[in-house]
Amino acid sequence: MELVDQLSRHQTIDAEALRALLLCQDTSVVSYLHAEARRVADQAYGRKVFVRGLLEVSNHCRNNCYYCGLRRDNRELRRYRLTTDTIVDCCKKAYTWGFRTFVLQGGEDPQQDDDWVVETVTRLRQLFPDCAITLSLGEKSRESYKRFREAGADRYLLRHETYNASHYQQLHPREMSQHHRLQCLGWLRELGFQTGCGMMVGSPGQTVDHLVEDLLYIHASRPAMVGMGPFLPHHATPFAHEPAGSVELTLRLISIVRLLLPEVLLPATTALGSLIPGGRLLGLKAGANVLMPNVSPSGAREAYALYDHKDAGAMTGPADWAALEKTLDEAGFELAVGRGDNLLYNTCPP
Ligand code: SAM
Ligand code: SF4
């Protein structure tokens with residue numbers, strides 16, 4: 001309990017204490033950790049849950065990350081990319097249901113080049129001046145990020161995946177590096193994006209010490225958002241036979257990050273919901289405060305297969321919005337309509 005109190009009171013903790021908390025077998029301490037994290041989330045945001053409409057804009061990718069079903073060497077995958085018109089149509093519908101943030105996520109698709117991103121963001125910005133536009137399109141040059149920001153994008157999600165450089169190399173081919181990933185995150189922050197980092201939990205080769213490094217990095221870099229979900233294997237990747245990450249450890253990390261950064265935006269991720277029924281609610285109860293329902297067209301949702309047995313958490317109409325509202329209400333949460341910014345970041349235009 002002392003470790004949790006220390007974290008909760010001072011929002012700082014040393015590596016040894018984090019290690020002890022990650023390894024703790026005492027279920028009463030773990031329950032207390034979750035309860036404290038929820039209390040701190042309530043203090044910052046009340047029982048509000050922010051929702052983002054997730055659009056999976058392309059499953060083409062020039063990269064070959066060992067864990068991801070979209071990797072370029074996966075020849076089994078039926079590839080697709082959404083047009084700007086389709087994205088705009090999806091956003092228009094989702095806006096009427098209540099969404100005020102849209103997330104455009106995709107593989108690093110050379111055909112969805114900078115001009116395409118700028119054109120798409122510009123159209124969304126004109127059509128939805130009261131909405132936040134989030135991008136999650138991977139590693140780009142500083143100049144590209146600058147153009148996206150100037151076109152009106154507010155936020156960028158780029159998980160650091162692991163802070164440890166040699167672990168990063170276990171997860172990625174040589175042409176990718178932790179150094180460049182962190183450099184991209186630095187550029188995004190400089191350019192005024194509300195920036196999100198994060199990692200998979202239980203990725204192959206990950207140790208408790210790696211997670212401690214991740215937590216210290218997250219604490220020091222104070223991102224606006226942190227995305228963490230369990231690693232889940234995909235049958236057509238080099239990690240096909242690796243075990244999935246654990247629900248318990250994912251929830252524990254969500255709680256620790258909430259205590260380290262009380263105002264951070266923390267999604268209960270699709271991967272968590274795919275690993276266990278009701279996983280997203282467990283995430284909220286452990287201190288998460290964001291959900292990202294999938295508003296992509298149905299064919300795209302299936303083909304955006306990062307891992308096997310994905311539960312996309314799709315939303316296809318106002319009835320799904322009402323059903324989510326009811327589920328959250330029954331669990332004591334409130335579905336919030338609004339951009340859902342981090343309290344510490346102002347929302348000034350680019
Ligand atoms: N291409 C962009 C990128 O890599 O940042 C955005 C899309 S990528 C699919 C989004 C995230 O999905 C990655 O950052 C990674 O953490 C997660 N992901 C990929 N494969 C996964 C897997 N097998 N299990 C769990 N999460 C996975
Ligand atoms: Fe591409 Fe992102 Fe998947 Fe890596 S994680 S293969 S960059 S979509």
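**Questions about a predicted model**

Modeller: Three strands pair in parallel to make an open sheet, and their order is β8-β1-β9. The strands β8 (290–291) and β9 (334–336) lie at its edges. Please keep in mind that this is a predicted model.

Colleague: What makes β8 and β9 edge strands?

Modeller: Each of them pairs on one side only. As for the link between β1 and β9, two strands count as paired if there are at least two bridges between them. β1 and β9 have three bridges and run parallel, so they meet that requirement. One residue pair can be named: F50 has A336 in β9 as its bridge partner.

Colleague: How do you know that β6 and β7 pair, and in which sense?

Modeller: The same cut-off of at least two bridges applies. Strand β6 (residues 194–201) and β7 are joined by six bridges, in the parallel sense, and therefore they count as a pair. Within this pairing, M199 stands opposite M228 of β7. Helix α9 (residues 208–221) joins these two strands in a right-handed β-α-β unit.

Colleague: What makes that unit of β6, α9 and β7 right-handed?

Modeller: Let the strands point away from the viewer; the crossover is right-handed if the path from the first strand over the helix to the second runs clockwise. The unit of β6, α9 and β7 is right-handed, so its path runs clockwise in that view.

Colleague: What makes β7 a mostly covered strand?

Modeller: A residue is buried if its relative accessible area is under 20%. In β7 (residues 225–230), six of six residues are buried. In a regular strand, the side chains alternate between the two faces of the sheet. On one side of β7 are M225, G227 and G229, on the other V226, M228 and P230, and all are buried. Both faces of β7 are thus covered.

Colleague: Why is R222 called partly exposed?

Modeller: Partly exposed covers the range between under 20% and over 50%. The relative accessibility of R222 is 41%, and therefore R222 is partly exposed. R222 is placed in the loop between α9 and β7. Its phi is near 45 degrees, a positive value in a residue other than glycine.

Colleague: Is H309 buried or exposed, and why?

Modeller: Exposed requires over 50%. H309 has a relative accessible area of 73%, so H309 is exposed. H309 belongs to the loop between α13 (298–303) and α14 (318–330), and its phi is positive too, near 60 degrees.

Colleague: Why is L7 called buried?

Modeller: The cut-off is under 20%, and L7 stands at 0%, so L7 is buried. L7 is part of helix α1. Beyond residues up to four places away in sequence, L7 touches T12, I13, L21, I256, L259 and L260. L7 and L260 are 253 residues apart in sequence, yet their C-alpha atoms are 6.6 Å apart.

Colleague: Why do N74 and G245 count as buried?

Modeller: Both values are set against the cut-off of under 20%. N74 has 4% relative accessibility and therefore counts as buried; G245 has 9% and is likewise buried. N74 lies in the loop between β2 (53–58) and α4 (84–97), and its contacts beyond four places in sequence are G69, R79, H234 and A236. G245 lies in the loop between β7 and α10, where its contacts beyond four places include P230 and F231.

Colleague: How do you know that the length of α3 is close to what is expected?

Modeller: The expected span is 1.5 Å times one less than the number of residues. Helix α3 (residues 27–45) has 19 residues, for which 27 Å is expected, and its first and last C-alpha atoms are 27 Å apart. The buried residues of α3, among them V29, L33 and Y45, pack against α1 (2–10), α2 (15–23), β1 (48–51), α10 (247–260) and α12 (279–285). After α3 comes G46, with a positive phi near 65 degrees.

Colleague: What makes the shell around ligand 2 five parts nonpolar, two polar and one charged?

Modeller: The shell consists of C61, N63, C65, Y67, C68, L70, R71 and G107. Cys, Tyr and Leu count as nonpolar, Arg as charged, and the others, Gly among them, as polar. The shell therefore divides into five nonpolar residues, two polar and one charged.

Conventions:
Residues numbered from 1 in each chain as written. Chains lettered and ligands numbered in written order. Predicted model: local features only at pLDDT ≥ 70, side-chain atom pairs only at ≥ 80, totals over all residues. Heavy atoms only, no water. Near = heavy atom within 4 Å. Buried < 20%, exposed > 50% of the residue type's maximum accessible area, 1.4 Å probe, protein only. Helix = DSSP H or I, 4+ residues; strand = E, 2+ residues; numbered from the N terminus. Contact = heavy atoms within 4.5 Å.
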